[in-house]
Amino acid sequence: MKKTYYQKLAFMGMILVILFAFQNYTGSEKEDFSGVKFITSNSTLPHLTEFDPNELNEKQWKNLGFTDKQTATILNYKKMIGGKFVSKEQFKKCFAISEEKFGELQAYIMLPETNKEAKSKNFTNYKKTSISIPGKFNPDSYAVHDWMKIGFSERQAEAILKYKKFLGGSFVSKEKFKECFIINEENYKMLSPYLLLPEKTPDTFRHDQKTFEFNKTKARYHAFDPNTTDLEGWKSLGFSDKQAQTIINYRDRNLKGSFKSMEDLQKCFVISAEKFNEMKPYIQLSQATIVQNRNNKTTEFEQEKTDFSKTDINSITFRQLLEFGLDERSAGSIIGFRKKLGGFVNKEQILTTYNIDTELVKKLLATAPLNTANVPKYNLTDAPEEWLKNHPYFKYSADKIIFYRTSEKDENKIWKLLKVKPEYEARMKLYLK
């Protein structure tokens, strides 16, 4: 009996020895991290510049070349040490950052070298650059010196341009602009309201830098007067719809209707220095007669008088409305309402514009003709969704129209389903074929 007991005990002991030996063997294998490489040089991005690792969010760490897991490790490590990196020395200790990767980033990290230096009374913390924004602007047309004027360093400005080049030559959208590695959340919130870019990235955008191309209008240069050039004219010179409209708004509102000199045109922020030099030989400022004094300085401008009996209301400019006698508020309201509509269809519409001098506008309507040939019109079944959602007469019913027409192609039936008031229906039909 005792013999069997001791045999079982010995057998159990042998099994335990084998298990311990196996655990030690496999455990030692797991501890060998010598072959692990977290970051390789292939992940380096072409737009590195100074950065504070305490300000980077998850997306910005990924833009630096880190994977999802590495990014999570860095952010968790930052929490472990109190929520803030105090030195490059401390940052380097994060095991998700290899020696090679730290060597690439070291020169750009805005932290003191060592913990001792960080605690030194003589150490001055890096100060955030204050951003100063002059007004709305298209970041695609900004050069290094323009970004420096806003408040970025030269290296940061160069990095922004490299990032634009990385995208294919344009920031494309505010969404893409925000992804720029050095644009932190605070700066983006300040810049966003002034960016002349669409909010969202178009579905047609391709992220492959080599294959992505923009549908830019090919410039067709010819002699032109910037004071009489309309939207289509600016577009034929190589500008986009938004850029062309911005130039017109700048001329009609900021400059009261006309460019008085080459310098005025050159100051328009959507016209880059390179673009201005291309256009310069073709510019003919014929409408403004410049009278100079003895010091060769411009003192006054004599504008050619407008013949309002031959001036189409759908193409009349801000300056011409001022010339007729309207104040800036009235002129701006008419131009703005016309732009939203895509053009006036009848003169009664103009009298419904807010903030106008009704009596003076009636005199204008009695004098000036109205050409509706270029006003865009559609059928309910084929009107573009963007047009429906932005048009003042359709935008409140746009979603219903888009929904009903997916299953119904008879416009009369769509009108019945919409159930809009008769006066609204009559107004909407002005812009339907």
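Mentor: Before we start, helices here are DSSP runs of at least four residues, H or I, numbered from the N terminus. And keep in mind that this is a predicted model.

Trainee: Got it. So where does lysine 419 sit?

Mentor: The stretch to look at runs between two helices, H21 (411-418) and H22 (422-429). Phi of lysine 419 is near 55°, a positive value in a residue other than glycine. As for its place, lysine 419 is in the loop between helix H21 and helix H22.

Trainee: Is lysine 419 buried or exposed?

Mentor: The cut-off for exposed is over 50% relative accessible area. Lysine 419 has 72%, so it counts as exposed.

Trainee: What about asparagine 355, what is the sign of its phi?

Mentor: Asparagine 355 belongs to the loop between helix H17 (347-351) and helix H18 (358-367). At 42% relative accessibility, asparagine 355 is partly exposed. Its phi is about 60° although the residue is not a glycine, and the sign is positive.

Trainee: Back to H21: how far apart are the C-alpha atoms of leucine 417 and lysine 400?

Mentor: Leucine 417 lies in helix H21 and is partly exposed at 38% relative accessibility. Along the chain, leucine 417 and lysine 400 are 17 residues apart. In space, their C-alpha atoms are separated by 8.7 Å.

Trainee: Now the aromatics. Which geometry class fits the rings of tryptophan 61 and phenylalanine 66?

Mentor: The structure holds 22 aromatic pairs. In this one the ring centres of tryptophan 61 and phenylalanine 66 are 5.8 Å apart and the planes make 75°. Planes over 60 degrees apart get their own class, so the pair of tryptophan 61 and phenylalanine 66 is edge-to-face.

Trainee: And what are the centre distance and plane angle for tryptophan 234 and phenylalanine 239?

Mentor: That pair is edge-to-face. Tryptophan 234 is buried, and phenylalanine 239 is too. The values for tryptophan 234 and phenylalanine 239 are 6.0 Å centre to centre and 75°.

Trainee: Which residue puts its charged end over the ring of phenylalanine 239?

Mentor: For a lysine, the test is NZ within 6 Å of the ring centre and within 35 degrees of the ring normal. Over phenylalanine 239, the charged end is 5.2 Å from the centre, and it belongs to lysine 275.

Trainee: Which residue lies over the face of phenylalanine 66?

Mentor: Phenylalanine 66 is buried, as is tryptophan 61. The residue over its face is at 5.7 Å from the ring centre: lysine 101.

Trainee: How many salt bridges does the count come to?

Mentor: In general, side chains of opposite charge can pair when their charged atoms come close. The cut-off used is 4 Å between a side-chain nitrogen of Lys or Arg and a carboxyl oxygen of Asp or Glu. By that rule the count is 13.

Trainee: Which residues are linked with Lys62 in a network of salt bridges?

Mentor: One link is between aspartate 68 and lysine 62, at 2.9 Å, N to O. Lysine 62 is partly exposed, with a relative accessible area of 33%. The residues networked with Lys62 are Glu58 and Asp68.

Trainee: How many residues separate glutamate 199 and lysine 174?

Mentor: Their side chains meet in a salt bridge at 3.0 Å, N to O. Glutamate 199 is in the loop between helix H10 (185-191) and helix H11 (231-236), while lysine 174 is in helix H9 (residues 174-178). The pair links distant parts of the chain, with a separation of 25 residues.

Trainee: Why does lysine 174 count as buried?

Mentor: Buried means under 20% relative accessible area. Its partner glutamate 199 is partly exposed at 49%. Lysine 174 counts as buried because its relative accessibility is 7%.

Trainee: Which helix holds both glutamate 232 and lysine 235?

Mentor: Their side chains meet in a salt bridge at 3.5 Å, N to O. Glutamate 232 and lysine 235 are 3 residues apart, about one turn, and both lie in helix H11.

Trainee: Last one: which backbone oxygen lies 3.2 Å from a polar side-chain atom of histidine 391?

Mentor: Histidine 391 is in the loop between helix H19 (385-390) and helix H20 (398-404). At 1% relative accessibility, histidine 391 counts as buried. The backbone oxygen in that contact belongs to leucine 341.

Methods:
Residues are numbered from 1 along each chain as its sequence is written. This is a predicted model: local features need pLDDT of at least 70, side-chain atom pairs count only at pLDDT 80 or more; totals for chains, interfaces and linings use all residues. Side-chain values use heavy atoms; hydrogens and water are left out. Rings of Phe, Tyr and Trp (its six-membered ring) pair if their centres lie within 6.5 Å; planes under 30 degrees apart count as stacked, over 60 as edge-to-face and the rest as tilted. Buried means under 20% relative accessible area, exposed over 50%, partly exposed in between (1.4 Å probe, protein chains only). A polar contact is a pair of N or O atoms within 3.5 Å; within protein, one must be able to donate a hydrogen and the other to accept it, and residues adjacent in sequence count only if both atoms are side-chain atoms.
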